[in-house]
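Please examine the model below before reading on. The paragraphs after it proceed from the overall layout to the interior.

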Amino acid sequence: MSIRMILCLAMMVLAWPLMAGPLRASAELAPGQPFPGLALPSLDGGKPLSIEDFRGRKIALHVFASW
Amino acid sequence: MPGWHAATQEFEADGRLLNVGLIQEQHPDRARLYLQWQGIEWPIMIDSLNRLDVNVVPITLLIDENGIIRKRVGRGDTRKIVEEFLAQPAPAAIPGNDAVAGHDPAIWGDAAQRDVVIDALEKRLAANPDDGRAAFELGVLYRRRYDEAGGDPADFERAVARWGRSVAVDPNQYIWRRRIQQYGPRLEKPYPFYDWVPTAREEIRARGEIPAELIAEPGGAEIAQPIRSFDAALPANGEPDPEGKTLRDEAKFVVAHATVVPHRVRPGKSARVHVEFRPRGEQAHWNNEAGGMTLWIDPPDGWQVDRQRVERPNPPEPVSHEPRRIEFEVQVPDGAGSVQLPVYALYYVCLGEKGACLYRRQDFGVAVTVAP
């Protein structure tokens, strides 16, 4: 097993609690509050997105459903 | 969203505003098809597990350069609201809001890891039956597992039971409730959900594009129109096997599984029954050159169904192996208790490449759990 593979496995083990745990943002989505900095999967299949990816931009964030 | 898209295209083009979407849907691929149809190319974040604890949709938030929510947009002139927001000077930079890695393997791709997450959530729910969030997340994961090829139909039933638990814990969590309504009876539906899909595909094809593929084709409850009073069937137009002479499928060449939505029905309310039939193993398959499948429902006194005899036409290919789904609704009388709703199906099933094709009947009871 290469050092790179060991490092990779170690990172996966360390990240596991973050991935499996009851991750959630309890903050109210209210004016004056920061939007929760949770990284979520992207619909285009690219890297996960969080509000931090849009830092420095003015955003209109739409929580919606296609129905 | 199409209204916003139209009203803000100019601000997007000059780089002053970025529209971002966030969806809680069970099937994010349906949102992808919708956005393709509408010609919207915003970055979209997927939160099927609703880890942001959203309780209602739609919500539009105006968020500043530091990630701080500045306004929750209500009704009003979209253009004017956006112009006011864009006119606000950028605030001084503040340290970041640490992003927590939330890429969710439980939903995306890794089946083994998803099963580990399901197991952990089941333990959490067993330790605390009032953990509505664990119950909701389990529902999402079971339904996801069901929608994948070869999914176990019992997973759909598990999903409905867990969603039922989550809403019993928090009746005001509307995102959780929507999951049951998506598959539930027409009387309880706020809107049809996915009846727009055929129109979207048609219009996308007319533009010369290929519509985005869907993991699970929406059907039945997911496209049915809501109703305001129970649509009871007229007395039966002929029982297909009144004397019970058709040979029974004793060997169970076809496996039947019924899921009742919601999992527990209140007296006086209605439920939607999803029955799924699968040819068992590699050898059994459908013969589509003979007649279609017939389902007969014999409700107890006082109970009503929206269809008593259901005919399911065959697909065009001569033989096939797909799961066959039939849905119907049942109205529970006031004061009634739980029942086994007697149902039987008649179908042609074939065995092996050159094996015999048999016409068989299968009787089963659909357990409808009634609880006040």
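The following account treats the layout of chain B and then its nonpolar cores.

The model is a predicted one. Within it, the C-alpha trace of chain B extends over about 80 × 50 × 45 Å along its principal axes. The secondary structure of chain B comprises eight helices and 15 strands. Two domains are assigned in this chain: domain 1 covers residues 2–87, and domain 2 covers residues 229–372. The centres of domain 1 of chain B and domain 2 of chain B, taken over C-alpha atoms, are 43 Å apart.

How are the contacts in chain B distributed along the sequence, and what share of its residues is buried? Among contacts in chain B with a separation of 6 or more, 68% join residues 24 or more positions apart. Of the 372 residues in chain B, 36% are buried.

The interior can be followed through its nonpolar cores. The largest nonpolar core contains 51 residues, and the members that touch the most others in it are L295(B) and V330(B). The greatest contribution to this core comes from helix α5 of chain B, residues 132–147, which supplies eight residues. A second core, of 37 residues, lies apart from the largest one. Its members include F35(A) and I59(A) from chain A, together with L22(B) and I69(B) from chain B.

Which residues surround L295(B), leaving aside its neighbours within four places in sequence? With those neighbours set aside, L295(B) is in contact with V275(B), V310(B) and I326(B), as well as with V343(B) and A345(B). L295(B) itself falls within domain 2 of chain B, which runs over residues 229–372.

Key. Residues are numbered from 1 along each chain as its sequence is written. Chains are lettered from A and ligands numbered from 1 in the order in which they are written. This is a predicted model: local features need pLDDT of at least 70, side-chain atom pairs count only at pLDDT 80 or more; totals for chains, interfaces and linings use all residues. A nonpolar core is a set of buried Ala, Val, Leu, Ile, Met, Phe, Trp, Tyr and Cys residues joined through C-beta atoms within 7 Å. A residue is buried if 20 or more other C-beta atoms lie within 10 Å of its own, exposed if 12 or fewer, and partly exposed in between; C-beta atoms are placed from the backbone. Helices (H or I, at least four residues) and strands (E, at least two) are DSSP runs, numbered from the N terminus. Two residues are in contact if their C-beta atoms, placed from the backbone, lie within 7 Å. Domain bounds come from an automatic or database domain assignment.
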